[in-house]
Amino acid sequence: MGLLAPRAPYFDQLVPDAIAAGTRQVVNLGAGYDDRALRFRHSGVQFFDLDLPEIIADKARRLEALDTDITRVTLAAVNFATDDVADVPARAGHDAQQPTLFIGEHLVLFLQPGDVERLLAGVSSHAAKGSILALTTEVHPDGLDSALVISTVDDVMFGGAGPLHTIKARDA
């Protein structure tokens with residue numbers, strides 16, 4: 001909860017602000033079990049929750065078990081390491097000609113640096129004028145070794161399980 005508390009209100013406010021400004025599509029990159037698509041449902045707004053196939057399948061099962069109306073929510077499986085991030089929303093019905101709010105909350109540190117570059121390029125190629133990209137990136141002070149920072153944070157947060165890959169120096 002300690003990591004979620006500072007960032008959640010910021011991302012929570014982005015969604016209604018974007019809707020109020022006329023945005024009619026929200027793409028949540030690495031959505032996990034995030035429920036913004038349900039909490040901020042709005043007539044005429046389509047949400048796209050993208051995540052790993054096993055997470056999307058489990059989320060779909062849970063929402064079905066709860067008999068949740070997901071009429072305006074599209075769940076789309078993506079592997080950020082191998083899939084074309086621009087292609088997945090397009091196949092799911094995203095209209096690249098319409099402004100979109102793209103959210104990447106707490107995703108980047110789990111991706112390899114090359115995958116982060118591909119993600120940003122994919123989103124950029126699929127974003128209409130007026131689109132917004134909001135994402136969190138974890139950084140460390142200049143002068144520290146990024147590999148050591150990643151290893152240390154992984155040990156503290158995940159018991160050395162190794163899911164972290166991208167924490168860059170602030171100037172990078």
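**Close-up views of the sheet and the second largest pocket**

**View 1. The open sheet of five strands.** In this predicted model, five strands form an open sheet in the order E3-E2-E1-E4-E5, with parallel pairing. Strand E3 (73-77) and strand E5 (132-135) are the edge strands, each pairing on one side only. On average, and with direction ignored, neighbouring strands of this sheet are turned by 15° against each other.

**View 2. The pairing of E1 with E2.** Strand E1 (residues 25-29) runs parallel to strand E2 (residues 46-51), and five bridges join the two. Within this pairing, Val27 stands opposite Phe48 in E2.

**View 3. Helices packed on the sheet.** Helix H3 (residues 53-65) packs on the sheet and touches E2 and E3. The direction of H3 makes about 145° with that of E3. Helix H5 also packs on the sheet, where H5 touches E1, strand E4 (101-104) and E5. Between the direction of H5 and that of E5 the angle is about 155°.

**View 4. The second largest pocket.** This pocket has a volume of about 220 Å³. It is lined by 14 residues, of which Val108, Val116, Thr137, Thr166 and Lys168 are the closest to its centre.

**View 5. Composition of the pocket lining.** Helix H5 (113-125) and strand E7 (168-169) each supply at least two residues of the lining of the second largest pocket. H5 gives the most, with four residues. By residue class, the lining divides into eight nonpolar, two polar and four charged residues. Helix H5 thus appears in two views: H5 packs on the sheet, and H5 contributes to the lining of the second largest pocket.

Definitions and conventions. Residues numbered from 1 in each chain as written. Predicted model: local features only at pLDDT ≥ 70, side-chain atom pairs only at ≥ 80, totals over all residues. Heavy atoms only, no water. 1 Å grid on protein atoms, 1.4 Å probe; cavity = no way out; pocket = protein on both sides within 12 Å on 5 of 7 lines; lining within 4 Å. Points joined across faces, edges and corners; volume = space filled by probe spheres on them. Nonpolar A, V, L, I, M, F, W, Y, C, P; charged D, E, K, R; others polar. Pairing = 2+ DSSP bridges. Axes fitted to C-alpha atoms, helices over the stretch in contact; angles between N-to-C directions. Contact = heavy atoms within 4.5 Å.
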